Amino acid sequence: MQIDPRGPRFAASLTTLVLAVVLVTGSGWLLAAQTLVFALGASDLGRSPYGWLYRRLVRPRLGPPQELEDARAPQFAQAVGLVFGLLGTVGYLAGLTWLGLAATGCALAAAFLNSAFGYCLGCELYLLLRRGQARVSGHQD
């Protein structure tokens, strides 16, 4: 599946805002909601609420994208966010505030890099893993 690369960057902007509020408030329940957003995006980017907002409200006001990108890397990035979201949610709700802060901070840093600079850490991790698999199996990407 090919996607407009501006969509994940828009989603990263919303994620950055939500995660910043989580860090300020320490709300495990808000992080749980963001974790659900990550889970939906990890299962299918088309199911992500932020993707829906982008497609319905933002995309119609923009020109067509100059290029499309494979959805697998951003979808993997959502799965990485899901792992950090789960760790952070468990931390906050179990009274392990340090774990909630650390996991949320890591997710926030990654979301901010994507939002502000278009650099997707999860996407880069996906590509590294793919290259490693290709080397192990003897295939070149």
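**Packing around helix α2**

In this predicted model, helices α2 and α4 are roughly antiparallel to each other, since their axes cross at roughly 155° and an angle over 145 degrees counts as roughly antiparallel. The two axes come within 8 Å, and the crossing of the pair is left-handed. The residues that meet across this pair include, on the α2 side, Gly 28, Leu 31, Thr 35, Phe 38 and Ala 42, and, on the α4 side, among others, Gln 75, Gln 78, Leu 82, Gly 85, Thr 89 and Tyr 92.

Helix α2 itself runs from residue 28 to residue 43. With 16 residues at 1.5 Å a residue, α2 should span 22 Å, and its end C-alpha atoms are indeed 22 Å apart, so the expected and the modelled spans agree. The buried residues of this helix are Gly 28, Leu 31, Gln 34, Thr 35, Val 37, Phe 38, Gly 41 and Ala 42. Seen down the helix axis, these buried residues of α2 fall within an arc of 165°, and they therefore line one face of the helix. An α-helix has 3.6 residues a turn, so residues three or four places apart point the same way. On the other side of α2, by contrast, Trp 29 and Leu 36 are exposed. The buried residues of α2 pack against α1 (6-25), α3, α4 (72-93) and α5 (97-117).

The loop that follows α2 and leads to α3 (49-58) contains Ser 48. This residue is buried, because its relative accessible area is 6%, whereas the cut-off for a buried residue is under 20%. Leaving aside residues up to four places away in sequence, Ser 48 touches Val 37, Leu 40 and Gly 41; of these contacts, Val 37 and Gly 41 are also among the buried residues of α2.

Helix α4 also packs with α5, at an angle of about 155° and with the two axes 7 Å apart. That angle makes α4 roughly antiparallel to α5, and α4 passes α5 in a left-handed crossing. Among the residues of α4 that take part are Phe 84, Leu 87, Gly 88 and Tyr 92, which meet a set in α5 that includes Thr 97, Leu 101, Thr 104 and Ala 107. Gly 88 and Tyr 92 are also listed among the α4 residues that meet α2.

Conventions. Residues numbered from 1 in each chain as written. Predicted model: local features only at pLDDT ≥ 70, side-chain atom pairs only at ≥ 80, totals over all residues. Heavy atoms only, no water. Helix = DSSP H or I, 4+ residues; strand = E, 2+ residues; numbered from the N terminus. Buried < 20%, exposed > 50% of the residue type's maximum accessible area, 1.4 Å probe, protein only. Contact = heavy atoms within 4.5 Å. Expected span 1.5 Å × (residues − 1). Arc of directions from axis to C-beta. Axes fitted to C-alpha atoms, helices over the stretch in contact; angles between N-to-C directions. Parallel < 35°, antiparallel > 145°, perpendicular 65-115°, else oblique. Left-handed = near helix turned anticlockwise from the far one by under 90°.
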